[in-house]
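Got the viewer open? Let's take a walk through this one, selecting a piece at a time.

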Amino acid sequence: MAEELQSLEDLGEALGGVATEETTPAIVYEKKIDAQGRAYATGKRKDAIARVWIKPGTGKITINKKDFGTYFGRPVLRMIVRQPIVAADRDGQFDIVATVSGGGLSGQAGAIRHGISKALTHYEPGLRGVLKKGGFLTRDSRVVERKKYGRAKARKSFQFSKR
């Protein structure tokens with residue numbers, strides 16, 4: 001056992017030192033851009049799925065071929081969609097085109113936010129730390145629980161009658 005350990009240490013020194021946390025290289029993420037100069041990502045929340053493309057531009061956001069302001073009437077939803085852009089300090093630098101389906105407006109806004117965050121990291125890998133710290137790269141996996149047989153809803157029971 002001691003002979004094996006000694007030989008492993010010798011092998012590590014021969015290869016250029018023993019690998020520790022300080023000497024292990026950090027993961028380097030590379031840029032993922034298509035032929036048109038766009039970055040693509042899929043964002044999800046609840047039952048909503050958003051396909052998002054970003055490219056350098058003036059800051060125009062188009063969702064399902066509609067203007068961003070007309071698609072999301074409520075200011076809270078517009079703020080949710082713009083959160084990753086503001087956090088990355090890239091406001092007005094990218095044109096965003098998104099197609100979203102499924103779920104309600106709140107779920108769709110969250111899905112677009114998730115997609116924009118992922119697309120920004122594909123376009124500029126250096127932004128990953130800022131977006132991850134803000135929690136924008138984490139998929140909100142909460143979905144509606146399915147209805148079970150013998151129950152009124154997912155968990156609610158039918159009314160009990162003793163007689």
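Start by switching on the surface of the whole chain. This is a predicted model, and its chain exposes about 11500 Å². Carbon and sulfur atoms supply 54% of that exposed area. As for what's hidden, buried residues make up 28% of the 163 residues in the chain.

Now swap to cartoon view. You should find 5 helices and 5 strands, and if you trace the chain along its sequence, the pattern goes α-β-β-β-β-α-α-β-α-α.

Next, select the strands. The 5 of them form an open sheet in the order S1-S2-S5-S3-S4, with mixed pairing. At the edges sit S1 and strand S4 (66–67), each pairing on one side only. Zoom in on S1 and S2: these two run antiparallel and share 7 bridges. Pick Ala39 and you'll find its bridge partner in S2, Ile54.

Add helix H4 to your selection. H4 packs on the sheet, where it touches S1, S2, S3 and S5. The direction of H4 makes about 145 degrees with that of S1.

Time to look inside. Which residues touch the most other members of the largest nonpolar core? Select Ile54, Ile63, Phe72, Ile112, Ile116 and Leu120: they do, in a core of 31 residues. Several elements give two or more residues to this core, among them strand S2 (48–56), helix H3 (75–87) and strand S5 (94–101). The largest share, 7 residues, comes from H4.

Last stop: Ile112. Leaving out residues up to four places away in sequence, Ile112 touches Ala50, Val52, Ile63, Phe72, Val81, Ala98 and Val100.

Technical notes
Residues are numbered from 1 along each chain as its sequence is written. This is a predicted model: local features need pLDDT of at least 70, side-chain atom pairs count only at pLDDT 80 or more; totals for chains, interfaces and linings use all residues. Side-chain values use heavy atoms; hydrogens and water are left out. Helices (H or I, at least four residues) and strands (E, at least two) are DSSP runs, numbered from the N terminus. Buried means under 20% relative accessible area, exposed over 50%, partly exposed in between (1.4 Å probe, protein chains only). Accessible areas come from the Shrake-Rupley method with a 1.4 Å probe; for residues, only the protein chains shown count as cover. A nonpolar core is a set of buried Ala, Val, Leu, Ile, Met, Phe, Trp, Tyr and Cys residues joined through side-chain atoms within 4.5 Å. Contact means heavy atoms within 4.5 Å. Two strands pair if DSSP finds at least two bridges between them. Axes are lines fitted to C-alpha atoms, for helices over the stretch in contact, and angles run from 0 to 180 degrees between N-to-C directions.
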